[in-house]
Amino acid sequence: MEERNTTLSARSAVLSALLGSHPPRLPARHLVRIGALFGIAEGTVRVALSRMLAAGDLLQSDGQYTLSQRLVERQARQDESRDPHPKPWDGTWEVAVVTAERRAPAERAAFRHAMLALRLAELREGTWMRPANLARAWPEIVTAQCTLIDGRPHDDPTPLLWDLDGWASEARRLERALGRAEGLAEGFLVSAAVLRHLLADPLLPRELLPDGWPGAELRAVYDDFDRRYREVLRHHLDG
């Protein structure tokens, strides 16, 4: 029997609710009702909201809570993960080699976060790469620390960079979980898990994917689930 997470912190409930909302704006009473699905007391949710405001994760206006710019950017990546539009691939790979010296731990952590958001993988320390099939700009945090190279490896490095079998196995598990999800709380948890997993999809060209890759199927099943779930959740929050 597959284990499933059935608990959620107040902060995670708030973030998941806002990241899944378009626009990412909800009143406190809706966030309190979402917390109640997981047995989280109203006071606990409101304390979490205050702390998230103080930390800069949220903004508040006219009784509505919305995501900060940093988290709006995460939602944009999440949306792209649900409906990716890669460009045709000509076999070229992007390579970013770190050439900056003496980086502080916070700078290193921010850099790693940026590289993962760009869906690059680290071949070895300081050398990141991926197929050049995604259209996006290189942020300053990368260009200031790296030498950027376009090239063609002699051998396919994909198996060294990503655990595609592991991603595919979890995608199939989540697809089954979507079909079994019952009730608002379980649906909320499974939905959040699917979105996190799609963010981890490297969005490789089809030429590099194994046969039977479940990415498109998981997205189609999730889109159908999400349409139905959002309608039920909306009635619950407005009730």
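1. In what order do the three strands of the open sheet come, and is the pairing parallel or antiparallel? Keep in mind that this is a predicted model. The order is E1-E3-E2, and the strands pair in the antiparallel sense. Strand E1 (25-27) and strand E2 (58-61) sit at the edges with a single partner strand each, so each has one side without a neighbour in the sheet. From one strand to the next, the twist averages 30°.

2. A closer look at one pairing: E2 and strand E3 (residues 64-67) are joined by four bridges, again antiparallel. If you want a spot to check by eye, try Leu59, which stands opposite Thr66 in E3.

3. On to the helices. Helix H3 (residues 42-55) packs on the sheet, where H3 touches E2 and E3. The direction of H3 makes about 105° with that of E2. Helix H1 (residues 10-19) lies across E1, E2 and E3, and H1 runs at about 80° to E3.

4. Now for Glu122, which belongs to strand E5 (residues 121-124). Is Glu122 buried, exposed or partly exposed? Its relative accessible area is 25%, and buried would need under 20% while exposed would need over 50%, so Glu122 counts as partly exposed.

5. What does Glu122 touch, leaving aside residues up to four places away in sequence? The contacts are Arg112, Thr127, Trp128 and Leu161. With Arg112 there is a side-chain to side-chain polar contact at 2.6 Å. A polar atom of the Glu122 side chain also lies 2.9 Å from the backbone nitrogen of Gly126.

6. One last distance: Glu122 and Gly166 are 44 residues apart along the chain, and their C-alpha atoms are separated by 17 Å.

Technical notes. Residues are numbered from 1 along each chain as its sequence is written. This is a predicted model: local features need pLDDT of at least 70, side-chain atom pairs count only at pLDDT 80 or more; totals for chains, interfaces and linings use all residues. Side-chain values use heavy atoms; hydrogens and water are left out. Two strands pair if DSSP finds at least two bridges between them. Helices (H or I, at least four residues) and strands (E, at least two) are DSSP runs, numbered from the N terminus. Axes are lines fitted to C-alpha atoms, for helices over the stretch in contact, and angles run from 0 to 180 degrees between N-to-C directions. Contact means heavy atoms within 4.5 Å. Buried means under 20% relative accessible area, exposed over 50%, partly exposed in between (1.4 Å probe, protein chains only). A polar contact is a pair of N or O atoms within 3.5 Å; within protein, one must be able to donate a hydrogen and the other to accept it, and residues adjacent in sequence count only if both atoms are side-chain atoms.
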